[in-house]
Amino acid sequence: MSLPCWNCGGCAASRFCDACKALQPPAHDFYEFLGMPRQLALDAKELEKRFYALSRQLHPDLFSRKPVREQEYALESSAVLNDAYRTLKDPIARALYVLKREGFDIAEQGTKDVPPELLEEVFDLNMAIEELSEGDESARAQLESARHRFEVMRNEIDDALQGKFAEWDVAHDRGKLDEIRGQLNRRKYITNLIARTDIAHVSD
Amino acid sequence: MAYSDKVLDHYNNPRNVGSLDKSSPSVGTGMVGAPECGDVMKLQIRVNDESGIIEEAKFKTFGCGSAIASSSLATEWLKGKTVDQALEIKNTDIVNELSLPPVKIHCSVLAEDAIKAAIGDYRAKQSKQVPAAHAVV
Ligand code: FES
Ligand SMILES: [Zn+2]
């Protein structure tokens with residue numbers, strides 16, 4: 001996808017125009033912007049390398065003598081770069097991003113997309129935390145062990161996600177994304193439980 | 001984020017917290033959750049089988065202040081309504097009553113979903129009851 005350069009009208013197949021070297025408006029897709037392969041099991045080292053290289057290339061100081069339009073593109077590009085890095089660096093944020101780009105909307109899914117057993121389970125665990133947090137000193141140990149159990153659950157989910165990420169990368173199959181979304185939902189409930197064990201601690 | 005007075009009121013004095021006998025054929029239970037925040041809500045109704053009027057409503061919500069207020073308000077509104085009337089409660093009614101900001105709309109959706117789920121559960125139980133009821137008559 002190459003648009004004509006805004007500055008010289010030549011061919012601008014990359015970030016900078018081949019002919020006049022002017023900075024082009026940023027791609028808004030994070031993978032495309034960073035020039036990284038569309039993968040969920042992303043190479044973290046490579047990501048970091050590109051982030052630092054691009055930060056240098058796009059530094060606003062380098063554009064202070066350029067046309068206003070190009071300065072604006074530089075600012076926009078830096079903003080996209082920071083968003084892209086922050087999002088893709090974190091595996092969970094990355095997966096949510098890919099889901100969204102592929103047309104899955106976590107925020108708009110109904111409660112029906114969550115298995116009822118999971119809700120029951122989460123509800124019961126919440127009840128247990130509440131009871132423990134209202135209890136005396138002796139409940140503390142139980143709360144600790146509950147927290148530990150949730151952390152184990154979360155780690156299991158993270159492992160499962162790792163596997164599914166790699167599987168999606170091979171064929172980009174939508175069914176996989178659906179499974180990933182299921183795991184992410186579950187993970188959100190579990191991390192919430194972990195946070196509540198923390199709150200329970202503070203409140204007494 | 002600032003909560004409205006009505007939200008604070010429900011949050012500090014939630015109405016109808018508790019639970020009803022899940023196994024009773026007159027009780028409908030709705031259990032819902034919001035995957036984007038990980039909050040869960042349980043809402044139950046007890047319906048008078050003769051009149052179809054909701055006599056009791058209880059909830060328990062593990063979630064943000066807006067979700068607690070939304071479900072507390074929902075239980076207040078449910079009492080005295082028929083099941084059909086209850087189905088007309090919309091999350092936008094809750095948003096207006098509690099002056100919820102746009103970022104908290106999903107919390108009210110959770111309450112509407114919980115009402116629908118509780119009624120769905122009640123109706124499913126009732127339709128299973130029908131043959132038995134006829135047998136008694
Ligand atoms: S933030 Fe989750 S229900 Fe309000
Ligand atoms: Zn050019």
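This report describes a zinc site, the domain arrangement of chain A and the interface between chains A and B in a predicted model.

## Zinc site

Four cysteine sulfurs hold the zinc ion (ligand 2): the SG atoms of Cys5(A), Cys8(A), Cys17(A) and Cys20(A), at 2.2 to 2.4 Å. The angles subtended by these four donor atoms run from 104 to 113 degrees, and the arrangement is therefore tetrahedral. For that assignment, all angles must lie between 85 and 135 degrees.

Along the sequence, the donor residues follow the spacing C-x2-C-x8-C-x2-C. Cys5(A) is placed in the loop between β1 (3–4) and β2 (11–12) of chain A, whereas Cys20(A) is in the loop between β2 and α1 (30–34), so this pair ties together parts that are 15 residues apart in sequence. The two residues can also be described by their accessibility. Cys5(A) has a relative accessible area of 5% and is buried, while Cys20(A), at 29%, is partly exposed.

## Domains of chain A

Chain A comprises domain 1, covering residues 30–89, and domain 2, covering residues 116–203. Taken over C-alpha atoms, the centres of domain 1 and domain 2 of chain A are 34 Å apart. Four residues of domain 1 and seven residues of domain 2 make up the contact between them.

Together, domain 1 and domain 2 of chain A bury about 450 Å², and carbon and sulfur atoms account for 71% of this area. On the side of domain 1, Arg38(A), Leu40(A) and Ala41(A) provide 91% of the area buried against domain 2, more than any other three residues. Between domain 1 and domain 2 of chain A, the number of salt bridges is zero.

## Interface between chains A and B

The contact between the two chains involves 18 residues of chain A and 17 residues of chain B. About 1600 Å² is buried between chain A and chain B, with 63% of the area on carbon and sulfur atoms.

Three salt bridges are counted between chain A and chain B. A salt bridge links Lys22(B) to Glu120(A), with the closest N and O atoms 3.3 Å apart.

Definitions and conventions. Residues numbered from 1 in each chain as written. Chains lettered and ligands numbered in written order. Predicted model: local features only at pLDDT ≥ 70, side-chain atom pairs only at ≥ 80, totals over all residues. Heavy atoms only, no water. Donors = N, O, S within 2.8 Å, 3.2 Å for Na, K, Ca; no water. Tetrahedral: all angles 85-135°; square planar, octahedral: opposite > 155°, others 65-115°. Helix = DSSP H or I, 4+ residues; strand = E, 2+ residues; numbered from the N terminus. Buried < 20%, exposed > 50% of the residue type's maximum accessible area, 1.4 Å probe, protein only. Domains from an automatic or database assignment. Contact = heavy atoms within 4.5 Å. Buried area = accessible area lost by both parts, 1.4 Å probe. Salt bridge = Lys/Arg side-chain N within 4 Å of Asp/Glu carboxyl O.
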